[in-house]
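Trainee: I am new to this structure and would like a close look at a single part. Could you walk me through one helix and then the charged pairs?

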Amino acid sequence: MNFNTTIAEFPKEVKLLIGAFLIVLSVGYFTGFRFVNETTENTPTGIQENYLGNEDDLEAKVMKFRKPRREMLTIIHTHILSMSVIFFILGGLVSFAKLPAWLKKSLMLEPLLSVLLTFGGIYLMWSGYHFMRYVVMISGILMTTSFIISVVIVFLQLFKRSEAEV
């Protein structure tokens with residue numbers, strides 16, 4: 001296989017493997033997304049309370065406590081490692097998509113930058129830079145948008161016929 005190969009030219013068995021991988025990966029990604037919604041309500045305040053606690057809010061429906069340093073390091077470590085692998089593999093698949101170069105580069109690099117901004121931002125927010133909750137939310141939105149677009153593009157190109165088949 002050379003670097004001019006497109007997804008449409010992959011053998012059927014490889015396309016089947018990629019399709020199954022994308023489905024399983026998406027189930028895992030959106031399960032995590034659902035968990036984030038449950039713990040933060042997808043709001044900047046919810047993000048901050050999830051890591052810094054809300055003990056001062058006597059009206060809180062659910063009491064949350066500040067996460068200890070070891071737990072924060074574990075969360076950040078595991079998420080940066082696992083999500084960098086996820087986006088490296090997904091970026092590798094996007095590299096074989098037939099797309100304009102600017103879009104391909106954006107979809108390959110943006111989510112990796114967003115991983116750093118999201119989880120670095122969580123740590124900085126926990127460290128006292130509370131404005132980072134907005135950076136975390138925006139970078140999380142961009143990361144998820146890139147994920148969805150990349151998966152859809154790769155999935156659609158799995159069903160395209162190669163020029164040799166036409």
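Mentor: Happy to! Helices here are DSSP runs of H or I with at least four residues, numbered from the N terminus. Keep in mind that this is a predicted model. Let us take helix α4, residues 101–126. At 1.5 Å a residue, its 26 residues should span 38 Å, and the end C-alpha atoms are indeed 38 Å apart, so the two values agree. Along the way there is a kink of about 25° at Leu109, shortly before the proline Pro111. Pro111 is also one of the buried residues of α4, which include Leu107, Glu110, Phe119 and Trp126. Among the elements that cover these buried residues are α2 (44–52), α3 (69–94) and α5 (132–158). After α4 comes Gly128, with a positive phi near 120°.

Now to the charged pairs. Side chains of opposite charge can pair when their charged atoms come close. Searching the whole structure gives two salt bridges. One joins the side chains of Glu38 and Arg34, at 3.1 Å from N to O. Both residues belong to helix α1 (residues 12–40) and sit four residues apart, about one turn of the helix. An α-helix has 3.6 residues a turn, so residues three or four places apart point the same way. Glu38 is exposed, because its relative accessible area is 52% and exposed means over 50%. The other salt bridge links Lys67 and Glu71, whose closest N and O atoms are 3.9 Å apart. Here Lys67 is buried, with a relative accessible area of 16%, while Glu71 is partly exposed at 36%.

Terms used
Residues numbered from 1 in each chain as written. Predicted model: local features only at pLDDT ≥ 70, side-chain atom pairs only at ≥ 80, totals over all residues. Heavy atoms only, no water. Helix = DSSP H or I, 4+ residues; strand = E, 2+ residues; numbered from the N terminus. Expected span 1.5 Å × (residues − 1). Bend = angle between axes of the 7 residues up to and from the residue. Buried < 20%, exposed > 50% of the residue type's maximum accessible area, 1.4 Å probe, protein only. Contact = heavy atoms within 4.5 Å. Salt bridge = Lys/Arg side-chain N within 4 Å of Asp/Glu carboxyl O.
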